[in-house]
Amino acid sequence: MGKLIGIDLGTTNSCVAVLENGTPVIIPSETGARTTPSIAAFTPDGQRLVGEAARRQAVLNPSRTIHSIKREMGSDFRIRIDGHSFSPQEISAMILAKLKADAERFLGEPVTDAVITVPAYFTDSQRQATKDAGTIAGLRVQRIINEPTAAALAYGVDREQPQKVMVYDLGGGTFDVSVLDIQGGIIEVLATAGNNRLGGDDFDAVLTDYLVSSFRKETGTDIRKDPVAVSRVREEAEKAKIALSSVRETHISIPFLTSGAKGPGHLDMTLTREKFDELTAHLVQATVKPVQQALADSHLTPADIGKVLLVGGSTRIPAVQALIRSLMGKEPFRGINPDECVAMGASLQAGVLAGSVKGLLLLDVTPLTLGIETMGGIFSPIISRNTTIPVKKSAVYTTAANFQSSVEIKIFQGERQMTRGNKLLGNFKLTGIKRAPRGVPQIEVTFEIDASGIVHVSARDLATGCAQAITITASGNLSQTEIDRAIYEAQAYAAEDNRRRQEASARDAAEALLYRAEEINRKNLTKDQKRAFDDAEKQLRRALRAKNSGQLPAASAQLEQLIRAYQTGG
Ligand code: AMP
């Protein structure tokens with residue numbers, strides 16, 4: 001195994017880190033940035049862009065630019081581009097492949113293995129989808145770990161005195177709160193709660209809505225149906241939100257937002273923090289219940305918590321910090337960069353797996369209860385939420401009808417008593433049950449959650465002793481064939497990217513050669529030499545102009561040879 005990297009695959013931004021001499025180091029992107037926007041785009045001329053490059057063209061190409069794909073992980077959401085249907089896993093894989101390439105460039109060696117973080121509150125389907133995205137990107141996902149746990153590792157709390165810590169993580173698209181018990185090198189998650197669909201994006205959406213309505217009131221023009229205009233407003237809304245975290249008032253100015261019969265429409269307005277707080281109060285308030293639930297589940301009160309760690313860009317919002325202060329009765333701790341600590345923690349866990357970090361043990365929990373459906377749609381829990389993982393538990397069930405030869409086992413995840421309110425992870429049929437009156441057969445169903453939080457289920461007829469092999473095919477997740485196809489396509493695109501990159505650098509080199517040739521003083525050349533230079537330069541320019549630059553290597557070599565001969569006096 002080569003170097004193991006730690007990846008924070010965020011809703012808005014992603015970050016990658018590696019352990020160097022026991023210390024997490026953030027891997028910069030090609031442009032030197034420490035985080036990469038989790039944005040992918042398909043340009044009209046067929047290029048695939050990821051990160052900063054995708055972000056730059058987003059306003060002009062909104063329908064082919066994909067933001068916040070993490071929100072769709074594990075669902076059967078698909079996006080159609082040029083007749084091809086992309087799953088969230090494939091889009092996430094584009095982002096992961098970019099991070100992998102950045103790491104390889106930084107480390108100067110191939111990277112094949114990774115630890116990837118997910119929100120603690122991610123369901124099995126969402127975890128499995130994340131793992132599949134890694135596989136498609138050409139990474140062996142050694143472990144999926146929870147973001148708050150990774151953050152706790154990075155904050156170095158494992159080296160502090162024993163205490164209970166709360167991690168409050170409000171990112172771009174998800175909210176998680178976890179309570180951890182830290183004793184020496186053991187980090188034990190006591191409880192976790194949250195909301196998979198709450199984050200900074202929602203603050204942006206509320207503000208965008210407000211700006212669009214205000215614009216309509218002022219100018220009479222409704223821009224809701226104009227995706228480019230809405231996308232420009234959303235971009236400015238996020239900037240205003242970020243500004244209001246440090247100033248009390250900000251000015252929003254979008255010139256030429258519309259151009260119509262009435263002339264150009266400019267959006268110009270001043271927004272105060274008070275107004276922003278008023279518009280978004282319900283979002284901040286929505287984090288209260290999960291905090292209370294995590295405390296209740298860990299049988300603790302705010303006074304028992306030694307430290308509240310802030311993770312995720314949205315915890316910079318002053319109203320969020322004020323809420324934590326009032327809920328927990330203490331100042332939240334902001335020791336290190338909330339954008340980077342999750343990736344740093346992931347790289348530390350990678351170090352544990354690779355054996356370079358010793359004496360650190362992570363005991364995580366499953367965020368939601370797992371069980372099966374019994375008669376009448378009743379949910380029968382087998383592993384309850386906040387159970388430490390890895391874990392394996394069994395329960396014995398029987399048949400409902402006489403001489404039933406098969407049973408349908410439906411696996412659900414959630415906290416509702418009726419399966420209708422929970423998430424169906426998958427179902428399978430156990431056949432070949434020994435003939436017997438109802439209530440006699442004993443069917444043992446075993447649930448196993450591995451250290452990555454991924455669920456495996458098996459069933460066995462105790463009478464025959466025969467175990468039945470089963471596979472969960474949760475809706476929204478990809479089959480092996482689909483994963484294989486996606487891997488093939490991702491590799492084909494990597495090859496295409498490589499070709500483009502090589503071509504671009506060959507063109508750069510050719511331009512440099514032409515420049516060097518022009519620098520040569522023609523007066524010092526013989527007539528023949530001059531003609532040779534003129535010819536070679538003409539050829540190279542022609543090769544550069546041609547769309548298919550197959551002639552480029554030969555033409556470059558020709559000119560290079562002439563330059564070298566001239567320099568050595570030949
Ligand atoms: P993360 O997923 O942790 O990268 O968080 C990204 C979210 O944090 C996005 O919604 C950002 O707009 C938001 N964010 C980043 N910086 C700030 C800030 N200074 N104030 C408010 N929100 C911020």
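# Briefing: a bound ligand, two sheets and some unusual backbone angles

P390 sits in the loop that connects strand 21 with strand 22 (391–397), and the peptide bond leading into this proline from I389 is cis, with omega near 0°. The structure shown here is a predicted model, and the points below take up its backbone angles, its two open sheets, one buried helix and the surroundings of its ligand.

**Unusual backbone angles**

- Most residues other than glycine have a negative phi, and most peptide bonds are trans.
- Against that background, the cis peptide bond from I389 to P390 is worth finding in the structure.
- D82 is not a glycine, yet its phi is positive, near 50°; the residue is placed in the loop between strand 8 (79–81) and strand 9 (84–86).
- With a relative accessible area of 62%, D82 counts as exposed, because exposed means over 50%.
- F256 also has a positive phi, about 50°, without being a glycine, but F256 belongs to a strand, namely strand 15 (residues 249–260).
- The relative accessible area of F256 is 54%, so this residue too is classed as exposed.

**The open sheet of six strands**

- Six strands form an open sheet in the order 17-12-13-14-18-21, and their pairing is mixed.
- Strand 17 (305–311) and strand 21 (388–389) are the edge strands, and because each has a single partner strand, one side of each has no neighbour in the sheet.
- Strand 12 (residues 163–170) pairs with strand 13 (residues 175–183) in the antiparallel sense through eight bridges, and within this pairing K164 lies opposite D181 of strand 13.
- Strand 13 is also joined to strand 14 (residues 186–195), again antiparallel, by nine bridges; here D176 is found opposite G194 of strand 14.
- Two residues lie between the strands in the hairpin of strand 13 and strand 14, where G184 has a positive phi near 55°.
- Strand 14 and strand 18, by contrast, run parallel and are joined by three bridges, with I187 having L362 of strand 18 as its bridge partner.
- In a regular strand the side chains alternate between the two faces of the sheet.

**The open sheet of four strands**

- A further open sheet has four strands in the order 20-19-23-24, with antiparallel pairing.
- Its edges are strand 20 (378–383) and strand 24 (423–430), each of which has a single partner strand, so that one side of each is left without a neighbour in the sheet.
- From one strand to the next, the twist in this sheet averages 30°.
- Between strand 19 (residues 370–374) and strand 23 (residues 407–413) there are three bridges in the antiparallel sense, and I372 has I411 in strand 23 as its bridge partner.

**Helix 4 and a residue far along the chain**

- Helix 4 (residues 147–154) is mostly covered, since eight of its eight residues are buried; among them are E147, P148, T149 and L153.
- After helix 4 comes G156, which has a positive phi near 75°.
- A150 is another of the buried residues of helix 4, and its C-alpha atom is 9.4 Å from that of L362, although the two residues are 212 residues apart along the chain.
- L362 belongs to strand 18 (residues 361–365), and its relative accessibility of 18% means that it counts as buried, because the cut-off for buried is under 20%.

**The surroundings of the ligand**

- Which residues come nearest to the ligand? Of the 15 residues around it, these are G172, E238, K241, S245 and G313.
- Two of these residues also make polar contacts through their side chains: an N or O atom in the side chain of E238 is 2.6 Å from an oxygen atom of the ligand, and a polar side-chain atom of S245 is 2.6 Å from a nitrogen atom of the ligand.
- S314 makes its contact through the backbone, with an N or O atom 3.2 Å from an oxygen atom of the ligand.
- On its own the ligand has 500 Å² of accessible area, and the protein covers 88% of that area.
- Helix 5 (200–219) and helix 6 (227–243) each contribute at least two residues to the shell around the ligand, and helix 6 gives the largest share, with three residues.
- By type, the residues of the shell are two nonpolar, nine polar and four charged.

Technical notes. Residues are numbered from 1 along each chain as its sequence is written. This is a predicted model: local features need pLDDT of at least 70, side-chain atom pairs count only at pLDDT 80 or more; totals for chains, interfaces and linings use all residues. Side-chain values use heavy atoms; hydrogens and water are left out. A residue is near a molecule or strand if one of its heavy atoms lies within 4 Å of it. A polar contact is a pair of N or O atoms within 3.5 Å; within protein, one must be able to donate a hydrogen and the other to accept it, and residues adjacent in sequence count only if both atoms are side-chain atoms. Accessible areas come from the Shrake-Rupley method with a 1.4 Å probe; for residues, only the protein chains shown count as cover. Ala, Val, Leu, Ile, Met, Phe, Trp, Tyr, Cys and Pro count as nonpolar, Asp, Glu, Lys and Arg as charged, and the others, Gly among them, as polar. Buried means under 20% relative accessible area, exposed over 50%, partly exposed in between (1.4 Å probe, protein chains only). Two strands pair if DSSP finds at least two bridges between them. Axes are lines fitted to C-alpha atoms, for helices over the stretch in contact, and angles run from 0 to 180 degrees between N-to-C directions.
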